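Biologist: Hello! I would love a close look at one part of this model, taken slowly and with its surroundings included. Could you walk me through it?

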Amino acid sequence: MNKSKVRKVIKQHKTNYPDPISLHQGQTVHTGKLYEGEEDWDNWIYCFTEDKSSEGWVPAQIISSKSGTGRGVILEDYCANELTVEKGEELIVYKELNGWYWTKRLLTGEEGWVPKSHLEERQG
């Protein structure tokens with residue numbers, strides 16, 4: 001059963017991270033601060049790869065923390081790619097996590113995260 005739904009962009013979103021962190025299951029990361037903000041984006045942890053070549057926000061649910069070490073192991077493949085979207089675009093939503101949707105752009109097939117608050121169910 002396919003649970004994906006088409007949603008319409010109701011508010012523009014522009015990514016602030018042109019070089020998103022991409023991680024593989026079993027990879028060790030350095031864990032940093034939890035996200036704190038006005039948005040309803042709980043459970044995001046700022047992480048760095050072991051060689052510190054890449055960094056970004058990672059869902060806490062996919063990190064197995066090594067207590068007291070400031071490190072964790074990634075439990076599933078993950079990419080922090082955000083889509084820059086314009087009002088009126090249509091996206092297919094595949095997954096919801098911590099106030100964000102993992103989406104695919106209908107026109108180009110490009111995939112990435114978009115804030116949940118920026119989308120609504122398509123009418124008609």
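In β7, which residue is the bridge partner of Ser65?

Modeller: Happy to! Please keep in mind that this is a predicted model. The bridge partner of Ser65 in β7 is Gly72. That bridge belongs to the pairing of β6, residues 63-66, with β7, an antiparallel arrangement with four bridges. The two strands form a hairpin with four residues between them, and there Gly68 has a positive phi near 75°.

β7 has another partner as well: β3, residues 28-34, pairs with β7 in the antiparallel sense through three bridges. Gly72 takes part here too, as the β7 bridge partner of Val29.

Now for the side chains of β7, which covers residues 71-74. They alternate along the strand: Gly72 and Ile74 point to one face and are buried, whereas Arg71 and Val73 point to the other face and are not buried.

Ile74 deserves a longer look. Setting aside neighbours within four places in sequence, Ile74 is in contact with Leu23, His24, Gln25, Gly26 and Gln27, and also with Val29, Val58, Ile62 and Ile63. In soluble globular proteins, nonpolar side chains tend to be buried together. Here, the largest nonpolar core has 19 residues, and Ile74 is among those with the most contacts inside it, along with Leu23, Val58, Ile63 and Tyr78. The elements giving two or more residues to this core are β4, β5 and β10. Of these, β4 gives the most, with four residues. Another core, of eight residues, lies apart from this one and includes Val9, Val85, Leu91 and Val114.

Two loops beyond β7 are worth a visit for their backbone. Most residues other than glycine have a negative phi. Lys52, though, has a positive phi near 60°, and this residue sits in the loop between β4 (44-49) and β5 (55-59). Asn98 likewise has a positive phi, near 55°, and is found in the loop between β9 (90-97) and β10 (100-105). Are these two residues buried or exposed? Lys52 counts as exposed because its relative accessibility is 57%, and the cut-off for exposed is over 50%. Asn98 is buried, since its relative accessible area is 12%, and buried means under 20%.

To come back to your question, Gly72 of β7 is bridged to Ser65 and to Val29, and Gly72 points to the buried face of the strand together with Ile74.

Conventions: Residues numbered from 1 in each chain as written. Predicted model: local features only at pLDDT ≥ 70, side-chain atom pairs only at ≥ 80, totals over all residues. Heavy atoms only, no water. Buried < 20%, exposed > 50% of the residue type's maximum accessible area, 1.4 Å probe, protein only. Pairing = 2+ DSSP bridges. Core = buried A, V, L, I, M, F, W, Y, C linked by side-chain atoms within 4.5 Å. Contact = heavy atoms within 4.5 Å.
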